[in-house]
Every structure is written in structure tokens, then in C-alpha cells.
Amino acid sequence: MAVKKRTIRTIPQERTPAREQDAVERVKNFREVNCGYTQENALREAERCMYCPEQPCVAGCPVNIDIPGFIQKISEKNFRGAYDTITDTNLLPAICGRVCPQETQCEQVCTVGDGKLEPVAIGRLERWVGDMAIAENWTNIPYIEPNGLRVGIVGSGPAGMACAADMAKAGCEVTVFEAFHEPGGVLKYGIPDFRLPNEVIDAEIDNLVRLGIRFECNTLVGRLFTIEQMVEEMGFHAVFIGTGAGYPSFMGINGESLNGVLSANELLTRCNLMRGRDFPDFDTPIQPGKRVAVIGAGNTAMDAMRVSLRLGAEKVYCIYRRTLAEAPARIEEIHHAEEEGIEFHWLTSPVEILDDGNKGVRGMRCIKMELGEPDDSGRRRPVPIEGSEFEFEADMIVYAIGTNANPIIGQTSRLKLNKWGYIETNEGLAASIAGVFAGGDIVTGAATVIEAMGAGRRAAQSMKAWLGLRDTEVVYRDPPDGPVDRPFGFDPSEHDFALVRIPAHSAATTTGGAPA
Ligand SMILES: Cc1cc2nc3c(=O)[nH]c(=O)nc-3n(C[C@H](O)[C@H](O)[C@H](O)COP(=O)(O)OP(=O)(O)OC[C@H]3O[C@@H](n4cnc5c(N)ncnc54)[C@H](O)[C@@H]3O)c2cc1C
Ligand code: SF4
């Protein structure tokens with residue numbers, strides 16, 4: 001269909017707002033805050049895309065979704081076509097449309113947002129298409145010819161899921177091992193329902209099951225069996241590790257061992273995955289605080305604060321040693337938290353957690369900060385102001401100051417790790433054991449859902465090359481320093497594995513990481 005040329009003057013000038021649950025009501029429930037677009041809203045917002053030839057939004061998306069392509073299909077009312085276009089590159093549109101930081105990715109570089117106007121609401125449109133696909137039960141299951149190769153995936157977060165999907169589509173028999181009792185990674189245990197409902201995650205995971213992927217939950221790899229056993233004894237021709245970075249950090253100040261001090265990941269897991277919020281319908285209660293202080297100002301901190309409110313806290317404080325300008329959380333999340341009555345204490349750092357005399361928390365001693373010269377991260381360094389210490393009351397302290405690599409795989413395998421405990425890989429995400437790949441937060445440290453998905457897909461591409469499957473690219477361009485495994489008896493950095501084709505072979509004929 002011929003498309004009438006749109007210009008910055010002819011498109012609707014105002015960005016179409018999304019409906020939201022009222023702040024006073026929503027703090028009493030776990031229902032979704034952002035209610036998304038109606039069809040009318042989506043058609044109007046789609047009119048704002050100018051289909052610019054340079055398409056900066058596509059380059060701004062970590063998985064390069066054809067953004068103008070899917071928006072054009074919305075405009076043409078070809079909604080199924082819009083879904084097909086998105087799922088060419090992103091298998092979780094209803095999830096990414098909700099939680100991706102579009103304001104710093106595709107929307108940040110959207111031409112419409114260059115001047116006075118707000119950028120096209122790409123994320124809201126993506127979510128609308130993803131939700132329609134769930135409502136209509138659309139899937140994109142290709143014809144898959146089994147190739148006899150077995151792939152093991154460790155961790156069922158976005159990185160593991162993305163890798164699993166691509167390998168299943170290539171004809172491999174894929175098994176995903178997950179330590180928790182449900183798949184989904186942080187999407188399931190960390191991000192609360194009011195931002196990302198469980199039904200949405202389950203619906204998107206169903207699509208993976210329809211691809212033939214098997215999920216083995218309650219399976220802690222490294223304890224039940226090791227990575228080496230997977231490639232040497234269990235018959236997996238290749239393995240992907242996407243175990244994330246969920247190991248919480250603490251500050252090491254006095255009082256951290258008191259009852260009532262916990263990490264945001266623990267609070268969120270107990271509430272979301274263990275369904276503590278639904279006690280007594282679920283027999284896993286959670287002890288909510290009345291006055292809760294959350295340390296940190298990232299997405300995890302915002303989630304922990306807003307969950308605490310919904311669990312019944314009377315007062316929730318955000319304690320952050322820098323200012324709003326440096327806060328890592330999405331601006332939309334900070335805005336929602338403010339609307340819900342969270343009290344923000346910027347330029348404030350904890351010094352000690354105070355004992356109530358009964359091994360519980362009675363409050364916190366903090367010190368005021370000011371910003372000094374920029375540090376290694378480029379942000380201005382917070383410096384304590386002498387004599388500015390003060391105390392305030394709290395009965396629960398939640399740490400949301402960052403996380404580290406989940407350590408078990410590193411402790412139980414001979415994989416090469418960097419000094420922070422993250423898995424070392426080359427550019428193609430191959431790890432130091434032949435046939436083993438890794439990606440997502442366990443390689444980069446805490447990042448985003450879409451970046452983890454992108455890594456899972458990149459690793460899948462390398463894995464396909466390793467296995468001699470089609471759609472390959474040169475993989476081993478940048479091997480890690482030091483000794484590397486020598487699959488097929490030669491140094492992978494000197495050869496283009498894409499050219500190596502191996503016949504389909506069964507698990508029984510395979511020994512070691514390299515297909516025999
Ligand atoms: C509370 C919170 C809110 C967030 N909000 C956002 C947001 O709004 N937008 C955004 O883009 N990003 C957000 N993030 C970051 C994002 O969720 C992560 O970057 C992303 O989930 C990383 O994906 P992953 O697949 O690498 O790991 P994860 O999602 O962490 O998944 C790893 C999985 O591996 C499993 N596992 C670990 N060890 C083992 C083992 N030994 N054996 C078997 N299984 C194992 C874990 O149980 C987990 O299920 C948030 C993170 C948190 C914690
Ligand atoms: S940059 Fe914005 S206006 Fe241009 S194609 Fe992308 S979404 Fe449309």
C-alpha cells in the first residue's frame with residue numbers, strides 16, 4: 001500500500017498517553033499500573049512515525065527490531081503482520097514492550113523526538129502488539145526439522161530463553177535447566193506483577209514450549225551435575241550458560257545481621273515467585289515492615305519500595321547517596337514511586353543499622369553527602385558532609401545497591417572467570433570450555449532484559465556455527481587471552497568455523513565438548 005509521506009508538521013504532535021491505574025487505588029493491589037493502549041490509541045500513535053529512511057530507532061534497539069516496519073503494519077491495520085515483523089527478531093514483545101528502557105534506546109534516537117516533540121512511543125506500540133498476540137493466541141512456530149543435536153541451557157531468564165528458541169528453531173533438541181521451581185529468571189522472581197504480570201510471562205514461555213523446548217525446573221546445575229558433566233557425560237553437544245547476576249551486595253556496615261535486614265532480591269522473590277503476597281492462599285508468608293528503608297535507586301530499589309507499600313508498609317523511604325539525576329532507575333519507575341508516596345532521601349548514605357535490643361531493627365543512622373569530582377563511572381563522586389549524621393526510625397532495611405555473578409557455576413567448573421566472577425567469553429560468546437557458551441548478566445554484570453536476549457541470540461548464532469548448522473557467521477574472531485581449548489585439534493581463532501560442516505550425529509557418538 002502506498003504510504004502518504006509524513007513530516008514533523010503533519011504527524012500528531014502529542015504523544016498518545018497510556019491509561020494508568022490511579023495512584024491511590026493501585027498501592028492497595030498488585031494489578032498492573034500501566035494499562036496499555038487501546039486499538040484507537042495504537043492507531044493514533046502509529047501515525048506519528050515518519051518512516052525515516054535512516055531508521056535510527058532500529059540501530060538504537062539492541063536486537064534491531066524493524067521498528068518502522070511493524071509500525072507501518074499497525075497503521076495498515078495488519079496487526080498480525082506487525083507481530084510477525086517484531087518476532088522476526090524479538091520473541092518476547094509483550095515483555096520487552098513493558099520493561100525495556102526504551103527512553104535510553106530506540107526512543108532516545110527517534111527522529112520525532114529530536115526537537116520539541118516527544119519521540120514515538122515505540123515501547124507502548126510493541127506491548128500493544130504483543131498483548132494482541134497473546135489474546136489472539138498467535139505464535140510463529142516454523143517448520144523444524146530435527147537434526148539430532150542436543151543443546152543444554154542453564155538458566156531460564158531472557159538470555160537462556162532467547163538462546164533456547166533459536167537453537168530449537170535450528171532443529172536441536174533443547175532442554176533448559178532452571179534452579180527455581182518456575183522458569184523466567186528475573187522476569188518471574190524479580191519484576192513485580194504490577195509492572196509485568198505473570199500471565200504475560202507464562203504466555204510468552206508457552207510459545208517456547210510449543211517450539212519443543214523442555215524446561216527442567218528445580219535443577220541447580222553445579223550441585224546436581226556440572227557443566228563438564230553436561231558436555232562429557234550427559235550427551236549435550238553444546239551448552240549455554242545464562243545464570244544471571246542475582247547475588248546481592250551489602251555495604252558491610254554494623255547491624256546488617258539484624259532481623260529485618262534483607263536484600264531486595266530476597267524480598268521480591270518471597271513476594272513474587274513464592275507468592276508471599278497471597279498468604280494464606282499460598283503457605284509461604286512474608287513478614288512485611290511498617291517503616292521500610294530501601295537503599296539504592298535502581299529499578300530493583302523502585303520495585304522493592306513499591307512492593308513494600310503494597311504489602312502494607314505505612315512509610316517507605318528511598319535512601320540514595322547521589323541525586324535524582326544519577327539514579328539508575330527508569331524515570332517512569334521513579335515517577336510512579338513518587339506518585340505512590342515513596343519518600344526520597346537524595347544525597348544520603350547509611351552509616352549503621354540500629355539494634356532494637358531484641359536482635360531486630362529500630363532504625364538507621366545516615367550521613368548527608370555532597371557531589372564532588374566525577375569518579376570512574378563518569379558520575380560525580382558522593383562525599384560525606386562532616387557532622388551531618390542523623391538517625392531515623394525503620395523496622396525493615398532493604399539493600400538494593402547492586403548484585404554480583406551467581407557463583408555456583410564458577411565454583412564448580414573449570415570455566416575461566418574474570419576478576420569479578422563473571423564468565424569470560426570471546427566476541428562470539430564462546431566460553432573457555434569447548435562447546436560451552438555464555439551470555440546475559442552472567443557475562444556482562446547486571447544489564448537489561450533486551451540486552452540479555454540479544455546475548456542469548458548472539459550465542460545461539462555462534463553455537464550454530466560450532467555445531468556446523470546453517471545461518472552461521474565467523475565465530476571465533478577474538479578468543480580469550482591465555483590457553484584455549486582446541487576443538488578438532490586446532491586453534492579456533494585461526495579458522496572460520498562457519499565453514500565446518502558435521503553430519504547429524506547422536507548423543508551416543510559424542511564425547512567431550514567437540515562433536516566427534
Ligand atoms: C528487580 C529487578 C528489576 C529489573 N527491572 C528491569 C527492567 O525494568 N527492565 C530491564 O530491561 N531490566 C530490568 N532488570 C534487569 C533484567 O531483569 C536482567 O538484566 C535480565 O533478567 C538478565 O537476564 P539473564 O537471562 O542474564 O538472567 P536472569 O534473568 O537473572 O536469569 C537467570 C536464571 O538462571 C537461574 N540460575 C542461576 N544459577 C543457576 C544454576 N546454577 N542452575 C540452574 N539455574 C540457575 C536463575 O534462577 C534465573 O532464573 C531488573 C532486574 C531486577 C533484579
Ligand atoms: S526514528 Fe522514530 S519516526 Fe523514524 S522510523 Fe524510527 S520510530 Fe519512526
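The following questions and answers treat a predicted model and the terms used to describe it.

Q: Why are H2 and H4 called oblique to each other?
A: The axes of helix H2 (residues 39-46) and H4 cross at roughly 125°. Angles over 145 degrees count as roughly antiparallel, and 65 to 115 as roughly perpendicular. The angle of roughly 125° belongs to neither class, and H2 and H4 are therefore oblique to each other.

Q: What is the handedness of the crossing of H2 and H4, and which residues meet there?
A: The crossing of H2 and H4 is left-handed. Ala-42, Leu-43 and Ala-46 in H2 meet Ile-71, Ile-74 and Ser-75 in H4. By class, the residues of this contact are five nonpolar, one polar and no charged.

Q: Why are H4 and H7 called oblique to each other?
A: The axes of H4 and helix H7 (residues 122-136) come within 11 Å and cross at roughly 60°. Angles under 35 degrees count as roughly parallel, and 65 to 115 as roughly perpendicular. Since roughly 60° fits neither description, H4 and H7 are therefore oblique to each other.

Q: What makes up the contact of H4 with H7, by class?
A: From H4 come Ile-67, Phe-70, Ile-71 and Ile-74, and from H7 come Ile-122, Leu-125 and Val-129. Ile, Phe, Leu and Val count as nonpolar, and the contact accordingly has seven nonpolar, no polar and no charged residues.

Q: Which residues come closest to ligand 2, and what classes make up its shell?
A: Of the 14 residues that surround ligand 2, the closest are Cys-49, Cys-52, Cys-57, Pro-68 and Cys-110. Cys and Pro count as nonpolar; the whole shell has twelve nonpolar, two polar and no charged residues. Helix H3 (56-60) and helix H4 (67-75) each supply at least two residues of the shell.

Q: Which residues come nearest to ligand 1, and how does its shell divide by class?
A: Among 42 residues around ligand 1, the nearest are Gly-155, Gly-157, Gly-185, Gly-244 and Gly-440. Gly counts as polar, and the shell as a whole has 22 nonpolar, 17 polar and three charged residues.

Q: How many residues of domain 2 and of domain 3 are in contact?
A: Seven residues of domain 2 are in contact with six residues of domain 3. On the domain 2 side, these are five nonpolar, two polar and no charged. The centres of domain 2 and domain 3, taken over C-alpha atoms, are separated by 33 Å.

How values were computed:
Residues are numbered from 1 along each chain as its sequence is written. Chains are lettered from A and ligands numbered from 1 in the order in which they are written. This is a predicted model: local features need pLDDT of at least 70, side-chain atom pairs count only at pLDDT 80 or more; totals for chains, interfaces and linings use all residues. A residue is near a molecule or strand if its C-beta atom, placed from the backbone, lies within 6 Å of it. Helices (H or I, at least four residues) and strands (E, at least two) are DSSP runs, numbered from the N terminus. Axes are lines fitted to C-alpha atoms, for helices over the stretch in contact, and angles run from 0 to 180 degrees between N-to-C directions. A crossing is left-handed if the near helix is turned anticlockwise from the far one by less than a right angle, and right-handed if clockwise. Two residues are in contact if their C-beta atoms, placed from the backbone, lie within 7 Å. Domain bounds come from an automatic or database domain assignment.
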